Structures are given as C-alpha cells and as structure tokens.
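Work through the exercises below with the model open beside you. Try each task before reading its solution.

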Amino acid sequence: MLISSWTSPKTTKNMPSKIHEKGFFATAPISRGEVVAVKLGHAIDRATLDANRHIIKDSEMQIADNLFIAPLTDEEFPASMVFLNHSCEPNCGVAGNLMFVAMKDVKAGEELTFDYAMHYAEPDYAMDCNCQTTSCRHRITGNDWQLPELQRKYAGYFSWYIDQKIKNSNTP
Ligand SMILES: [Zn+2]
C-alpha cells in the first residue's frame, strides 16, 4: 500500500490558494480541536533526507534532531503532500509531531493554514510571507519559534519537537 498522508473528509487539498499556488481547504464546518490531517511517510535521518532532496523537496516534517518523516518515491510525494500553507494568523496548529488540528472553528470554504514556526527550526531557512493578515511578519525564518510572543500565542500548538526545543532553551 502506498504511504500516504491522511486528510479529513471535510477537507480538499491541492486547490488554488491566494497565499501560495496550492492550498488545503475546509469543505464543511470544522470545530476547534478537530484533526484535519495526519502527515505520514518514512522515518529517515538527515543524510537520507539530503540524498533524496530531489524527491522530498520541502515536504518533510522534522520530528527529532536527526529524524524526519518524508516520502521517498515520486509516487509517494503527491500522496504525502497536504498543501497546508503558512499564515501568520493561522487557524490550525500541530498536535504531537504529525497531526494538524483546528485551533478555532473553521467555516466551509476557508483555507486551512498553520504557522511554520510551530514545526520548523532550520536556522538558515527564510521566506517572504504574503498571508495578508494584520499579524503578518513578512519575513518567516527557521528561528521564529524562539520569539516569545509566538511561544505565548501558540502554546499547546507547537510540534513535540519544537516544544522540547522551547523547554530546553528556557532552562537556565
Ligand atoms: Zn504573514
């Protein structure tokens, strides 16, 4: 059986988005706390990630310091993609390392988004943000999880991996 991410039957993926080319959308009302997607793939180390970057592109989820979940074939890549875009005012957060949950009630037709700061910690990473929200940071980096205001705003919605990093960085 092909390794494939799970997406809620109340969602549709790979649809045109105003944020970035393709997005992940609610097709029915979704309540706060509902699981909207589970990201699945192979558990691989950084060397394997680097060696397969042409297949994985930027679809991996980091789950520990040297452990990632990612597709490893061209067939698995589209099946693993959820197309959850970044927003600086997201309606979804991370639960555990691989699940995405609604942080608020979402209406049918709304795009589902999360904040990359919730799961991403590559120090050299940066991208421009075009989310059009009043909270927009404009420049998103792999160090944003360290921002105290985001740690407050997203408490309970960081991945387990980022949560451990926050706990360790706050230990005197
Ligand atoms: Zn933004």
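## Exercise 1: Two positive phi values

K57 counts as exposed because it has 12 C-beta neighbours inside 10 Å. The cut-offs are these: a residue is buried with 20 or more other C-beta atoms within 10 Å of its own, exposed with 12 or fewer, and partly exposed in between, with C-beta atoms placed from the backbone. The model is predicted: local features need pLDDT of at least 70, side-chain atom pairs count only at pLDDT 80 or more, and totals for chains, interfaces and linings use all residues. Residues are numbered from 1 along each chain as its sequence is written.

**Task.** State where K57 lies and give its phi. Then do this for H138.

**Solution.**
- Step 1. Place K57: the loop between α2 (53-56) and β6 (61-64). Helices (H or I, at least four residues) and strands (E, at least two) are DSSP runs, numbered from the N terminus.
- Step 2. Read the angle. Phi of K57 is near 50 degrees, a positive value in a residue other than glycine.
- Step 3. Turn to H138, in the loop between β12 (126-128) and β13 (139-141). Its phi is near 65 degrees, also positive and also in a non-glycine residue.
- Step 4. Check the surroundings. H138 has 9 other C-beta atoms within 10 Å, so H138 is exposed.

## Exercise 2: The overall fold

**Task.** How many helices and strands does the protein chain have? Does its radius of gyration agree or disagree with that of a compact globule?

**Solution.**
- Step 1. Count the elements: 5 helices and 13 strands.
- Step 2. Apply the globule rule, 2.2 Å times the number of residues to the power 0.38, with the radius of gyration taken over C-alpha atoms. For 172 residues the rule gives a value near 16 Å; the protein chain has 15 Å, so the two agree.
- Step 3. Add the box. Along the principal axes, the C-alpha atoms fill roughly 40 × 40 × 25 Å.
- Step 4. Add burial. Buried residues are 35% of the 172.
- Step 5. Look at contacts (C-beta atoms, placed from the backbone, within 7 Å). Of those between residues at least 6 apart in sequence, 63% join residues at least 24 apart.

## Exercise 3: The cores

**Task.** Which residues have the most contacts inside the largest nonpolar core? Which elements each supply at least two residues of this core?

**Solution.**
- Step 1. Fix the term. A nonpolar core is a set of buried Ala, Val, Leu, Ile, Met, Phe, Trp, Tyr and Cys residues joined through C-beta atoms within 7 Å.
- Step 2. Find the largest one. It has 28 residues, and V36, L84, C92, F100, L112, M118 and F158 have the most contacts inside it.
- Step 3. Assign elements. β3 (22-26), β4 (35-38), β9 (92-95), β10 (99-102), β11 (111-114) and α5 (160-169) each give at least two residues.
- Step 4. Inspect F100. Leaving aside neighbours within four places in sequence, F100 contacts V36, A37, L84, C92, V94 and F114.
- Step 5. Find the second, separate core. It has 6 residues, including I44, I56, F68 and A70.

## Exercise 4: Strand pairing

**Task.** In what order do the strands of the 4-stranded open sheet run, and which are at the edges?

**Solution.**
- Step 1. Two strands pair if DSSP finds at least two bridges between them.
- Step 2. The order is β1-β4-β10-β9, with antiparallel pairing.
- Step 3. β1 (6-7) and β9 are the edge strands, each pairing on one side only.
- Step 4. Zoom in on an edge. β1 and β4 share 2 bridges, and W6 stands opposite V38.

## Exercise 5: Around β11

**Task.** Which strands does β11 join through 2 bridges, and in which sense, parallel or antiparallel?

**Solution.**
- Step 1. β3 joins β11 by 2 bridges and runs antiparallel to it. F24 has L112 as its bridge partner.
- Step 2. β8 (residues 85-86) also joins β11 by 2 bridges, but in the parallel sense. Here H86 is partnered with F114.
- Step 3. In a regular strand the side chains alternate between the two faces of the sheet.
- Step 4. Check both faces of β11. E111 and T113 on one side, and L112 and F114 on the other, are all buried.

Notes:
Contact = placed C-beta atoms within 7 Å.
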